[in-house]
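Reader: Hi! Could you walk me through this structure in plain words? I'll interrupt with questions as we go.

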Amino acid sequence: MLAWTIYLSFFGMAVLMLLPADRPRAARMIALGATLAGLAFAVSGVLQYRNHPPADTILTITQVTWLRSLGLQYFLAADGISLTLVLLTGIVAVAGTLFSWNVEHRTKEFFAFYLALIGGVYGVFLSFDLFLLFVFYEIAIIPKYFLIAIWGSTRKEYGAMKLALYSFIGSAMVLVGLIATYVVAGTHSFNLLDWVQVPFPRSFQVWVFPLMFVGFAILAGLWPFHTWAPTGHVAAPTAASMLLAGVVMKLGAYGALRVAMTLFPMGVAVWQDPIAILALIGIVYGALVALVQQDFKFVIGYSSVSHMGFVLLGLMTLQTVGLSGAVLQMFSHGIIAGLLFAVVGRMVYDRTHTRDLNALEEMRLSKALPFAAGTFVVAGAASMGLPGFSGFVAELQVLIGAWQAFPSYAVLAGVGIIIGVAYLLRAQQKAFFGDMPEKPAEPALDPITIPERLGALLLLATTVAVGLYPQFLLDLILPAFHPNAPLMGVLTRGGVL
Amino acid sequence: MPWIAQYLWLIPVLPLAAAAIIAICRQRRRRLAASLAIGSMAVSFLLAVAALALTLHPRTSEAVWRETFSFSWFEFGATALQLGWVLDPLSACMTVMVTLVSLLIFIFSVGYMQPDENFTRFFGFLSLFAAAMLGLVIANSLLLLFIGWELVGLASYLLIGFWYHKPSAAAAAKKAFITTRIGDLGFLLGMVWWYASSGTLLFYDGGNGCLEASALNLLTAQTTFGGMAVSTAISLLIFCGAMGKSGQVPLHVWLPDAMEGPTPVSALIHAATMVAAGVFLVARVYPLLDANPAQLAGISTALKVIAWVGVITAVFAACIAVAQTDIKRILAYSTISQLGYMMLGIGVGGVAVGMFHLLTHAFFKALLFLGAGSVIHGCQEEQDIRRLGGLKPYMPITFATYAIGMMALAGVPVFFSGFWSKDEILHQAMAWPVSRVPFYLGLIGAFLTAFYMTRQVCYVFGGAYRGGHRDNAAQNLKSKTSEEPSQPPQKHPHESPWVMTAPLIVLAVGALLLGFLGTPVWPWFHDYFNGRHSGVDFSRLREAWPVMAIATLFVVAGLGLGWRFYGGKRIVRAEQADPLEAFLPGVFAVLRRKFLVDEGYEATVIRGNAFAAAAMNWLDRHVWETGVLAIGYLTLGLSWASRLFDDYVVNLGFDTGCDRVRKSAKLLSSVQNGQIQSYLRIVAVALALLVLLLAWGGGL
């Protein structure tokens with residue numbers, strides 16, 4: 001049933017393409033319907049998995065032969081990690097549609113590309129055949145390019161091209177790794193479950209692991225391959241930057257975990273420290289750079305680099321608590337970054353047509369847009385990792401794991417959290433709580449619309465719910481990292497490393 | 001388990017619910033917001049009193065009264081993070097104090113914030129704060145304590161920046177949040193370390209808690225870098241958090257600036273409750289601080305550090321308070337100084353000593369702040385003590401209660417609570433085996449406290465009224481934001497309405513009576529904390545009186561000297577130089593500029609951070625960006641080179657080849673043009689050539 005998340009998105013795209021161009025309202029409703037249905041399937045899949053957990057943690061959805069000569073299969077399956085990210089995609093997709101309600105320029109094409117992107121993302125999270133995963137991974141890149149290049153702002157062609165090129169370089173590395181693994185494995189298939197049984201020689205793992213890990217992690221904003229992220233986020237239209245930060249960056253982290261780390265545990269053991277250091281640099285560096293940005297969206301863009309550093313650091317702890325914290329942080333950051341980008345892009349920029357913090361400071365937006373200001377304050381608190389929101393439980397777990405694996409790194413990651421407070425407060429006060437009482441009143445800004453309120457409430461409710469009751473997601477995530485789990489268990493089993 | 005111990009969670013949850021309801025109701029519903037906040041707080045107060053009453057019941061055993069309730073919040077792998085609450089003397093008396101002071105300050109705020117347009121939101125934030133603070137207080141888990149800790153920080157940020165249209169308030173809010181968060185980093189790391197080493201964050205869990213013997217033995221047995229016991233390292237990290245929240249030197253800089261918030265906020269959060277949370281934390285984890293590795297006897301390192309930091313803060317802040325001119329900033333520095341005394345008390349004498357001063361201080365400092373609020377309210381928002389003065393006849397109730405608060409703070413003997421609680425700290429400091437210096441510094445601090453409070457009271461209430469002369473430029477922030485001016489500006493100071501004076505009276509009664517719970521003759525509070533039965537014994541006075549006498553001497557000296565400089569009719573004009581400044585100009589200037597700590601941070605930490613951020617930004621914009629662009633241009637260059645190669649080598653060769661073929665074809669085709677004459681002509685020429693060739697060769 002979970003496969004319908006993919007099919008519905010592409011079906012919605014097809015319907016949109018057949019629609020006459022002068023029916024923007026219908027286009028919106030179709031997009032909303034498709035994303036809502038996707039979310040409904042995701043939720044029902046999650047509930048079903050929780051109520052009837054499969055014995056070996058892997059829920060096979062469909063498995064048919066695709067191309068016999070190469071051993072390709074159309075193999076969709078899910079474990080708790082995929083389900084967590086599928087749920088995230090469903091939520092962010094609905095919110096993104098709501099925050100794109102005001103797209104008037106080529107509306108139906110916008111939503112068609114948007115749904116194509118979402119379908120590709122669902123596909124990546126549900127593919128257990130790695131060739132199929134790669135195909136979906138590529139499908140997701142193309143609509144991203146068009147969304148930014150056509151509907152973006154601020155150097156949109158440059159941002160779109162940079163993002164596409166970075167993605168393709170990453171894909172190329174992944175593809176080389178996949179082909180090499182196919183040849184070495186000799187199982188005549190790309191099936192993840194087959195490959196995980198294969199004891200790849202250590203000398204092979206040592207070079208193919210970094211190739212695949214970095215290839216995927218480029219999309220997760222691994223320092224120093226992060227520079228696509230800020231420019232891409234800034235150039236993208238609101239919904240695209242929500243998806244970019246909320247979901248696409250998770251594709252990278254997911255691939256790095258699901259493919260590179262799972263298949264090559266000996267490679268992980270060799271590269272654990274260098275990658276953890278890169279993650280740590282990303283945390284502190286992203287936060288510091290965010291502190292001095294003048295463009296509101298750049299602040300959030302760099303904050304994403306910093307927060308994704310926590311994901312990568314958590315992955316490198318190779319401890320149950322750190323790994324589950326990393327997956328939880330993927331979910332949490334997806335929700336919170338999506339919300340922050342929605343406030344900046346949709347609520348503020350679409351009304352004021354500027355993102356320059358100095359210009360915003362003179363507008364007293366807290367008076368003009370109290371809902372936007374309130375949402376940003378709460379989302380900012382969530383992003384800073386205050387208790388009660390999802391970021392706290394995720395980062396706490398990553399820190400506990402990091403403390404056990406490498407204590408001094410945990411201290412530095414903590415420094416990143418402090419700077420995180422500083423850049424958010426600075427941006428928040430400049431953007432919303434500036435004081436220029438002598439200025440004549442600005443022309444009134446449009447009030448916040450109902451779809452915006454609904455989208456903000458959806459995301460806020462999610463981050464608070466996970467912050468108060470993280471067990472809901474942990475029940476999905478933890479069995480996947482259990483030492484006896486067929487896939488990821490290899491990371492926590494010990495001894496293998 | 002007694003019902004109240006089981007339902008202790010209601011105490012924080014009621015104000016939390018009130019905050020949630022206020023958050024979604026409209027701004028106009030002022031009466032609803034205020035009644036919800038006050039009503040929920042009143043119920044919480046009654047519950048807290050019931051809980052306290054329960055802990056007063058004598059137990060059969062002599063052990064400390066303690067009931068806990070815990071549950072698992074979330075589990076990962078084999079372990080879980082647990083939350084829970086605890087009812088023991090420490091949490092019971094803190095809960096009563098917090099709910100009572102909050103209740104009084106909520107009532108006071110109804111009057112004080114009456115003209116403000118964001119009245120509703122104010123009560124929402126106050127309720128949120130109270131909920132977080134109460135959650136912190138009843139926590140039986142370091143994690144729950146940390147959660148409350150962070151949320152009170154958030155509420156404090158929101159309330160300091162409540163008048164965010166003042167740039168100074170917005171800056172102060174940011175500074176407070178970031179400074180305390182620096183301390184919180186230590187707290188967080190200490191918590192993670194503690195959890196990683198002992199596997200639980202529950203304080204008391206039937207022998208398995210992290211504050212109980214088995215876990216502590218584990219921590220003291222391990223050593224970390226420098227041969228330090230792990231317990232000491234964790235203690236110091238957690239104390240960093242307490243330093244940030246309780247404004248201990250060198251993290252004190254945020255607290256005076258926090259006075260930019262509305263005065264009830266200063267009274268509740270930045271004097272009575274939240275800033276005392278650091279002291280409470282130290283009291284709560286005292287068993288850890290006290291734990292010593294088996295081979296080391298005597299006072300643990302952590303307690304020594306706490307005592308020294310406390311006493312240095314106490315004197316340092318008291319010195320600065322002497323030279324300030326803002327009525328609230330003087331009280332803020334005084335708060336820092338008194339928090340130092342509490343830390344000193346815990347460091348040298350244990351939990352009960354520090355906590356007793358915390359409780360008495362909460363009453364008289366809340367009283368002083370609300371009194372200052374009443375003064376500010378009555379004098380057109382004037383906060384500069386040089387422009388106040390002569391308020392005694394105008395504001396009799398405020399004056400009387402303020403005087404009680406001042407004498408309690410200064411430690412005037414016998415009738416005022418501050419005397420007894422401070423006396424106990426000095427007592428323990430004198431008996432401290434490590435050093436006698438904290439005792440002497442404590443006496444100097446007592447002298448300075450008496451001096452600066454005398455100065456303040458003389459400035460504010462003595463002499464003649466010096467305000468009302470200048471134009472109203474800086475006046476009345478509150479009416480600026482309100483929809484219509486609430487009241488016509490009044491020329492003369494006026495007494496505040498009863499909603500504001502009634503809480504003052506209640507707090508004044510507390511400031512007078514509370515001290516008698518902890519006198520040397522009847523040390524009830526001390527015995528209650530340690531689970532002993534208490535009795536009256538006059539013989540203890542015999543060993544106690546010397547310290548009491550010396551302390552009294554210092555206090556009287558401070559009062560007398562203060563009167564000598566500022567009393568009577570010595571302050572006449574607002575522009576007049578401070579009498580002490582004329583006496584000690586150099587010292588006074590340094591004190592007024594607060595020992596230049598802010599400037600020092602500005603020059604080092606803030607600039608360093610800005611530099612690092614700018615450097616990274618430069619790196620990102622120029623180095624990485626250049627790298628990316630360079631790769632891009634390299635690729636473009638390669639493409640161009642390929643294109644040129646394609647155009648001029650590959651293509652040109654092909655084209656030239658084709659051209660040649662075409663040309664030769666044309667040549668041939670020009671020969672084969674289909675005209676008989678030209679064919680015959682060629683045949684004739686060929687024939688002639690053939691004949692000539694043969695003839696020349698001689699063959700013919």
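Author: Let's begin with two helices of chain A. Helix α3 (residues 80-99) and helix α20 (residues 471-481) of chain A pack at an angle of about 145 degrees, with their axes 7 Å apart. Axes here are lines fitted to C-alpha atoms, for helices over the stretch in contact, and angles run from 0 to 180 degrees between N-to-C directions. Helices (H or I, at least four residues) and strands (E, at least two) are DSSP runs, numbered from the N terminus.

Reader: Which residues of α3(A) and α20(A) meet?

Author: From α3(A) come G80(A), I81(A), L83(A) and T84(A), and they meet L473(A), L476(A), I477(A), P479(A) and A480(A) of α20(A). Two residues are in contact if their C-beta atoms, placed from the backbone, lie within 7 Å. The residues of this contact divide into 7 nonpolar, 2 polar and no charged. For those classes, Ala, Val, Leu, Ile, Met, Phe, Trp, Tyr, Cys and Pro count as nonpolar, Asp, Glu, Lys and Arg as charged, and the others, Gly among them, as polar.

Reader: Before I go on, where do the numbers and letters come from?

Author: Residues are numbered from 1 along each chain as its sequence is written, while chains are lettered from A and ligands numbered from 1 in the order in which they are written. This is a predicted model, in which local features need pLDDT of at least 70, side-chain atom pairs count only at pLDDT 80 or more, and totals for chains, interfaces and linings use all residues.

Reader: What does pLDDT look like for chain B?

Author: pLDDT is the predictor's confidence in each residue, from 0 to 100. Chain B has a mean pLDDT of 85, and 95% of its residues reach 70 or more. Over residues 470-489 of chain B, though, pLDDT stays under 50, and the model has 21 contacts beyond four places in sequence for them. Where pLDDT is low, the predicted coordinates should not be read in detail. For the complex, the predictor gives an ipTM of 0.85 and a pTM of 0.85.

Reader: Is chain A compact or spread out?

Author: Chain A has 21 helices and 2 strands. Its radius of gyration is 21 Å, close to the 23 Å that the globule rule gives for 497 residues, so chain A is as compact as a globular protein of that length. The radius of gyration is taken over C-alpha atoms, and the globule rule is 2.2 Å times the number of residues to the power 0.38.

Reader: And how about chain B, with its helices and strands?

Author: Chain B comes to 27 helices and 2 strands. The radius of gyration of chain B is 39 Å, well over the 27 Å that the globule rule gives for 700 residues, so chain B is more spread out than a compact globule. Along its principal axes, the C-alpha trace of chain B spans about 165 × 70 × 55 Å.

Reader: How many residues does each chain give where B touches A?

Author: 33 residues of chain B are in contact with 36 residues of chain A. On the side of chain B, the elements that give two or more residues are β1 (67-76), α6 (142-160), α7 (167-198) and α26 (597-671). The largest share of that side, 14 residues, comes from α7(B). The residues of the side of chain B divide into 24 nonpolar, 3 polar and 6 charged.

Reader: New topic: is M133(B) buried or exposed?

Author: M133(B) is buried, with 30 other C-beta atoms within 10 Å. A residue is buried if 20 or more other C-beta atoms lie within 10 Å of its own, exposed if 12 or fewer, and partly exposed in between; C-beta atoms are placed from the backbone. M133(B) sits in helix α5 (residues 119-138) of chain B.

Reader: What is M133(B) in contact with?

Author: Leaving aside its neighbours within four places in sequence, M133(B) is in contact with V98(B), G148(B), V152(B), T273(B) and M274(B).

Reader: What about L133(A), buried or exposed?

Author: L133(A) is buried, with 25 other C-beta atoms within 10 Å. It is found in helix α5 (residues 130-151) of chain A.

Reader: Last one: how many residues of α15(B) are buried?

Author: 23 of its 23 residues are buried, and α15(B) is mostly covered. G350(B), whose phi is positive, near 100 degrees, follows α15(B).
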